[in-house]
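User: I am new to this structure and should like to learn how its main features are read. Could you guide me through them?

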Amino acid sequence: MTVLVAYDGSAPARKAVEYAFDAHADEEIVLLRVVEAADGSTEAGINLLQEALRDREEKAANELADATAEIDTEDIEFRTETAVGKPEREVVSFAEEHDVDHIVIGSHGREGVSRVLLGSVAERIARRAPVPVTIVR
């Protein structure tokens with residue numbers, strides 16, 4: 001069984017990683033960091049944008065390594081991956097393309113009007129995912 005954990009560096013995402021390590025210690029765990037790409041690029045700036053995205057992707061990979069260093073991972077097998085794009089789209093696509101069996105994601109805990117107006121990445125992933133999703137508060 002493969003468990004995908006969406007990781008964005010936030011406190012709820014760290015809780016999701018801890019949950020996955022506790023609840024799925026015997027499973028294959030993949031930590032996915034999505035680097036959001038800027039929209040509206042012109043053709044002249046594509047090379048510059050690609051270089052910036054590579055830098056952001058490298059930074060995201062380093063942040064994942066730092067985050068997992070804080071958690072006891074001695075007996076847990078996991079790997080880290082990065083993707084570029086919109087988080088909800090990339091998490092669902094990764095799950096579909098890599099035979100993921102379960103997704104774990106942190107909740108930012110928005111309530112009321114802000115939740116309605118801003119929406120929730122976790123909710124969009126849960127609605128679109130081809131597999132069960134656990135949202136960790």
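The dialogue below goes from the overall fold to the packing of the interior.

User: How many helices and strands does the chain have, and in what order do the elements run?

Analyst: One begins by listing the elements from the N terminus. This is a predicted model, and its chain has 5 helices and 5 strands. Their order is β-α-β-α-β-α-β-α-α-β.

User: What share of the residues counts as buried?

Analyst: A residue is called buried when its relative accessible area is under 20%. By that criterion, 38% of the 137 residues in the chain are buried. The surface can be described as well: the chain exposes about 8300 Å², and carbon and sulfur atoms supply 44% of that area.

User: How far apart in sequence are the residues that contacts join?

Analyst: Here one sets aside contacts between residues fewer than 6 apart in sequence. Of the contacts that remain, 76% join residues at least 24 apart.

User: How should I read a single helix, for example helix 1?

Analyst: One may look at its span and then at its buried residues. Helix 1 covers residues 11-23, and its 13 residues reach 18 Å from the first C-alpha to the last, close to the 18 Å expected. Within helix 1, the residues Pro12, Ala13, Ala16, Val17, Ala20 and Phe21 are buried.

User: Against which strands do the buried residues of helix 1 pack?

Analyst: They pack against strand 1 (2-7), strand 2 (28-35), strand 3 (78-84), strand 4 (102-106) and strand 5 (133-136).

User: What can be said of the two faces of strand 5, and how does strand 5 run relative to strand 4?

Analyst: The covered face of strand 5 holds Thr134 and Val136, whereas Val133 and Ile135 lie on the uncovered one. Strands 4 and 5 run parallel and are joined by 4 bridges. Ile103 stands opposite Val133 of strand 5.

User: Which residues touch the most other members of the largest nonpolar core?

Analyst: In soluble globular proteins, nonpolar side chains tend to be buried together. In this chain, the largest nonpolar core has 17 residues, of which Leu4, Leu32, Val91, Phe94, Val100, Ile103 and Ile125 touch the most other members. Strand 1, strand 2, helix 3 (87-97), strand 4 and helix 5 (121-128) each give two or more residues to this core. Helix 3 gives the most, with 4 residues.

User: With which residues is Val100 in contact, apart from its neighbours within four places in sequence?

Analyst: Val100 is in contact with Thr2, Leu4, Phe94, Ala95 and Val131. There is also a second, separate core of 13 residues, which includes Val5, Tyr7, Ala13 and Val104.

How values were computed. Residues numbered from 1 in each chain as written. Predicted model: local features only at pLDDT ≥ 70, side-chain atom pairs only at ≥ 80, totals over all residues. Heavy atoms only, no water. Buried < 20%, exposed > 50% of the residue type's maximum accessible area, 1.4 Å probe, protein only. Contact = heavy atoms within 4.5 Å. Areas by Shrake-Rupley, 256 points an atom, 1.4 Å probe, with all protein chains shown as cover. Expected span 1.5 Å × (residues − 1). Pairing = 2+ DSSP bridges. Core = buried A, V, L, I, M, F, W, Y, C linked by side-chain atoms within 4.5 Å.
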